[in-house]
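Here is a short briefing on one protein chain. Look over its fold and its internal cavities before reading on.

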Amino acid sequence: MSAISVSNFNSSRFVLTGFPGLEADYLWLSIPFSSIYVMVFLGNCMVLHVIRTESSLHQPMFYFLAMLALTDLCVGMSTVHTVLGILWGFIREISLDSCIAQSYFIHGLSFMESSVLLAMSFDRYIAICNPLRYSSILTNDKIMKIGVAILCRSSLLIPPVIIRLKFLNYCHPHVLSHSFCLHQDLIRMACSGIRFNSIYGLFLVISNLLLDAVLILISYIMILHTVLAIASREERLKSLQTCVSHICAVLVFYIPIIGLTMVHRFGKHLSPLVHVLMGNIYILFPPLMNPIIYSIKTKQIRRRVQRLFCLKGA
């Protein structure tokens with residue numbers, strides 16, 4: 001920040017924060033970050049390709065997994081230009097319009113991922129608690145309707161709070177806490193008129209992320225109740241193993257969100273580097289880990305991926 005003038009608070013441009021104190025090492029830092037983004041793109045594209053080309057995977061569980069992979073792919077695409085742009089020295093600032101657009105996609109995709117994880121927990125609940133009616137309940141038509149509902153929920157509720165960012169007066173220093181734009185970062189720089197954004201933003205978090213987390217927890221309580229009623233130990237383990245991948249995906253999504261929220265709320269005394277690292281973990285950890293989790297823990301995906309690499313190596 002010392003090297004960047006922030007005296008013109010009325011400017012419509014905002015300074016992106018890279019890694020404070022590590023500016024001399026940006027070129028070296030770009031190597032692991034570039035590798036992570038490549039892994040995010042290749043990993044999620046591989047999952048989508050496997051599900052599309054393998055007819056045995058044309059089942060509700062894998063349709064939802066494809067939605068998750070597509071969401072993760074979009075998350076990576078929404079931040080790659082600013083994160084790597086800073087490390088490669090291409091950009092230092094972002095316009096207000098671009099910042100608002102990026103925050104819309106980041107938050108919208110976050111809500112979408114939460115909704116997909118909720119749909120996947122519903123899939124596991126039906127598969128374990130009502131297996132005889134699984135195929136009749138989760139038909140292709142219903143899965144398509146669930147997908148449309150997820151898209152509408154994650155894209156149509158956000159515009160009121162995002163559009164209002166355009167009309168706020170930003171009188172505090174235009175220095176973002178991360179190498180990408182978040183709604184909470186922008187309202188922190190506004191000097192007045194943020195009451196609607198604060199209240200509606202809290203409503204969105206409660207009605208999306210918190211509600212989804214509660215419903216996922218309830219679904220697993222009901223699943224556990226059903227599994228414990230199974231007499232055979234082997235059958236109990238088999239039923240629970242089908243949920244391991246989804247539980248891991250839920251954890252890698254919600255833990256970074258909780259961590260970032262805690263840092264924003266209680267970590268004002270922490271180094272800016274901690275804020276930046278937590279922000280990048282929040283953005284990159286789920287898209288990076290989900291393809292790995294499902295490739296390792298889901299037998300059908302693992303076998304198809306192994307076959308794919310065997311064919312490539314032949």
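The notes below cover the overall fold, then the enclosed cavities.

This is a predicted model. The protein has eleven helices and two strands. Three cavities of 30 Å³ or more are counted, and the largest of them has a volume of about 110 Å³.

**Fold and dimensions**

- Along the sequence, the elements run β-α-α-β-α-α-α-α-α-α-α-α-α.
- The radius of gyration is 21 Å, close to the 20 Å that the globule rule gives for 314 residues, so the protein is as compact as a globular protein of that length.
- The C-alpha trace spans about 70 × 50 × 35 Å along its principal axes.

**Burial, contacts and surface**

- Of the 314 residues, 46% are buried.
- Take the contacts between residues at least 6 apart in sequence: 78% of them join residues at least 24 apart.
- The exposed area of the protein is about 16100 Å².
- Carbon and sulfur atoms supply 70% of that area.

**The largest cavity**

- Which helices each supply at least two residues of the lining here? They are α2 (60-87), α3 (96-129), α9 (233-266) and α10 (272-297).
- The lining includes Val 75, Ser 78, Ile 106, Leu 109, Ser 110 and Glu 113.
- Phe 253, Ile 257, Tyr 282, Ile 283, Pro 286 and Pro 287 also line this cavity.
- By class, the lining has nine nonpolar, two polar and one charged residues.
- Glu 113 is the charged residue, and Ser 78 and Ser 110 are the polar ones.

**The second largest cavity**

- This cavity has a volume of about 60 Å³.
- Helices α2, α3 and α9 each supply at least two residues of its lining.
- Met 61, Phe 64, Met 120, Asp 123 and Arg 124 are among the lining residues.
- Thr 242, Ser 245, His 246 and Tyr 294 line the second largest cavity too.
- How many nonpolar, polar and charged residues does this lining have? The lining has four nonpolar, three polar and two charged residues.
- The charged residues are Asp 123 and Arg 124.
- Thr 242, Ser 245 and His 246 count as polar.

**Helices at both sites**

- α2, α3 and α9 each supply at least two lining residues to the largest cavity, and each also supplies at least two to the second largest cavity.

How values were computed
Residues numbered from 1 in each chain as written. Predicted model: local features only at pLDDT ≥ 70, side-chain atom pairs only at ≥ 80, totals over all residues. Heavy atoms only, no water. 1 Å grid on protein atoms, 1.4 Å probe; cavity = no way out; pocket = protein on both sides within 12 Å on 5 of 7 lines; lining within 4 Å. Points joined across faces, edges and corners; volume = space filled by probe spheres on them. Helix = DSSP H or I, 4+ residues; strand = E, 2+ residues; numbered from the N terminus. Rg over C-alpha atoms; globule rule 2.2 N^0.38 Å. Buried < 20%, exposed > 50% of the residue type's maximum accessible area, 1.4 Å probe, protein only. Contact = heavy atoms within 4.5 Å. Areas by Shrake-Rupley, 256 points an atom, 1.4 Å probe, with all protein chains shown as cover.
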